[in-house]
Amino acid sequence: MISSWRTKRREKKATKRGLFMKKTNMELVIPSQFTCPISLDLMKDPVTLSSTGITYDRENIEKWINEGGNSTCPITNQELKCVDSNIDDHDVLLIPNHNIRKMIQQWCVENKEYGIDRIPTPKIPVTSSDVTELLAKIANSIKLEMQDESNMCREFVIRVKNLASESDRNKCCFVKSGTGYALSSAFLELSEGKTAKNGSTLEVILSTLVSFLPLDVNSKSILGSISSIHWITWFMRNGSLSSRRNAVFVLREILKLEQHEGLLSGEGPHHKGSARGCFQGFELHNDKVEMLLTIDGALEGLVRLVKEPICPKTTKASLLTIYQMVNSSSSQSSISRFVDVGLVELLLEILVDCDKSICEKALGVLDGILTYEEGVQRGYSYALTIPILVKKLLRISHLASEFSVSILWKICKNDCHLVEALQVGAFQKLLLLLQVGCSETTKEKASELLKMLNVHRDRVECVDSLDFKGLKRTF
């Protein structure tokens, strides 16, 4: 009796286990009405186009309309027209499909044993009217904040940051509503105050501004005021890691020109002039650069960010800002300060092992510093200057090669270090550079270097040309 009962129990368990294994081996198919027609994936935030009635996942259809620049329905190819021109297009075209979303959530719960997680209920996206109202609250609360009667301005700014980080659609809505300008104006007003509470609010505004980079011209102009730059510099020197990072990002945004950014990242024309010549014809923000040079600790704070890197992006932003300062009209006064804090040696140490973008920016800064005799003298004293520069030729990018030739020309034009340059293979690399092509200015400098090196070739055994047999152009 007992054995019979135990036998039946074992058989029942085995049957259940077999059914479970059979069920888990089945391929789970997502119902077609739950998939987005664009990505064919399970929809997380289904919305329906008001003009066609077709349901898509919000993220995919917004990319189709905004990033793709399309004005038609992906399936029906019908024109997407806004009914009311006074209302945001997204609010009219995209209607949340709550029924489909609930059905998808129920399906996820029923199939959780397959590892399907229930999709969360999406948050309601902000509208342009919501953003306008929130920005108005920030503007109205600034005076109370400066009088130390309220802390609401900080809370409103935090709400802006949180809402903008929820989705790309929210961020786009904030940008179109002029959030960058509103936050820049708030930063300027609070920077003129003297209370410690203003500092905590300014730190939050600075962090939020980074979320909306790049800024428009008016916002940059506001942030370029003397009081604003003073506070930004203070955060760069004395703030936390995140505050220092945010400060240098905003500072680079104030000073940078789009042409500089593109050329120092290796983009743009490569054979229409030298690397330095490419920057001519673009007006630098000399007034802001000179203002920055007059602020105590600004220069040292930038060098510290390069010496004690927080992240690669911070290092790049610091190098770009230093590049602006080195190449400004009053750069001669700043060169000695950069040399005194050891920037030349620091840049050469960075060049030993760094990625392409940082290498190009470091070489650009070094080329600017070595334009003056103080920088050249400091470059002489560093033992690895010539080997590092020769190594960068034809190994990183076209821009890095042009900067390297320019720096070598400045160091070697007084017949210094020519023998050392020959020993590390500069002669062969310069010949190869002329063969693969370079700008006219770089070609002139390379030819002059070859003439100077040729005089000393009989004094040293050069590197065999077979060492360059497998060298390929990497750019």
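Accessible area here comes from the Shrake-Rupley method with a 1.4 Å probe. By that yardstick, the chain in this predicted model exposes about 24,300 Å², with carbon and sulfur atoms supplying 52% of it. If you scroll through the secondary structure, you'll count 25 helices and 3 strands. Of the 475 residues in the chain, 47% are buried. Take the contacts between residues at least 6 apart in sequence, and 71% of them turn out to join residues at least 24 apart.

Let's start with a helix on the inside. Helix H15 covers residues 298-307, and 7 of its 10 residues are buried, so it is largely enclosed by the rest of the structure. If you want to click on them, the buried residues of H15 are Ala298, Leu299, Gly301, Leu302, Val303, Leu305 and Val306.

Now for how helices pack against each other. Find H12 (residues 241-255) and H16 (residues 312-326): their axes sit 9 Å apart and the two helices pack at an angle of about 40°. Angles under 35 degrees would count as roughly parallel and 65 to 115 as roughly perpendicular, so H12 ends up oblique to H16. The crossing is left-handed. On the H12 side, the residues that meet the partner are Arg245, Val248, Phe249, Leu251, Arg252 and Leu255, and H16 answers with Lys313, Thr314, Ala317, Ser318, Leu320, Thr321 and Gln324. Sort the residues of this contact by character and you get 6 nonpolar, 4 polar and 3 charged.

Further along the chain there's another pair to look at. Helix H22 (residues 398-412) and helix H25 (residues 440-455) have axes that come within 9 Å and cross at roughly 45°. That angle makes H22 oblique to H25, and H22 passes its partner in a left-handed crossing. Here Glu402, Val405, Ser406, Leu408, Trp409 and Cys412 from H22 meet Thr442, Lys445, Ala446, Glu448, Leu449 and Met452 from H25. This contact divides into 7 nonpolar residues, 2 polar and 3 charged.

Next, some single residues. Tyr380 belongs to helix H20, which runs over residues 373-381. Its relative accessible area is 17%, and the cut-off for buried is under 20%, so Tyr380 counts as buried. Tyr380 and His417 are 37 residues apart along the chain, yet their C-alpha atoms are separated by 8.3 Å.

Glu155, in helix H6 (residues 152-166), gives you another setting. With a relative accessible area of 38%, Glu155 is partly exposed. From its C-alpha to that of Ile138 the distance is 8.9 Å, and the two residues are 17 apart in sequence.

Gly224 takes us out of the helices and into a loop, the one between helix H10 (217-223) and helix H11 (226-238). Is this loop glycine buried or exposed? Gly224 is buried, with a relative accessible area of 8%. Setting aside its neighbours within four places in sequence, you'll find Gly224 in contact with Ile229, Ile254, Lys288 and Met291. Its C-alpha also lies 9.9 Å from that of Glu253, 29 residues away along the chain.

Finally, a few spots where the backbone deserves a look. Most residues other than glycine have a negative phi, and most peptide bonds are trans. The bond joining Leu213 and Pro214 is cis, with omega at about 0°. You'll find Pro214 in the loop between helix H9 (196-211) and H10.

As for phi, check Leu40, in the loop between helix H1 (2-24) and strand S1 (46-49). Leu40 isn't a glycine, but it has a positive phi of about 60°. Its relative accessibility is 63%, and anything over 50% is called exposed, so Leu40 counts as exposed. Then there's Asn77, also not a glycine, with a positive phi of about 65°. Asn77 is in the loop between helix H2 (58-67) and helix H3 (89-93), and at 57% relative accessible area it is exposed.

Note on methods: Residues numbered from 1 in each chain as written. Predicted model: local features only at pLDDT ≥ 70, side-chain atom pairs only at ≥ 80, totals over all residues. Heavy atoms only, no water. Helix = DSSP H or I, 4+ residues; strand = E, 2+ residues; numbered from the N terminus. Buried < 20%, exposed > 50% of the residue type's maximum accessible area, 1.4 Å probe, protein only. Contact = heavy atoms within 4.5 Å. Axes fitted to C-alpha atoms, helices over the stretch in contact; angles between N-to-C directions. Parallel < 35°, antiparallel > 145°, perpendicular 65-115°, else oblique. Left-handed = near helix turned anticlockwise from the far one by under 90°. Nonpolar A, V, L, I, M, F, W, Y, C, P; charged D, E, K, R; others polar.
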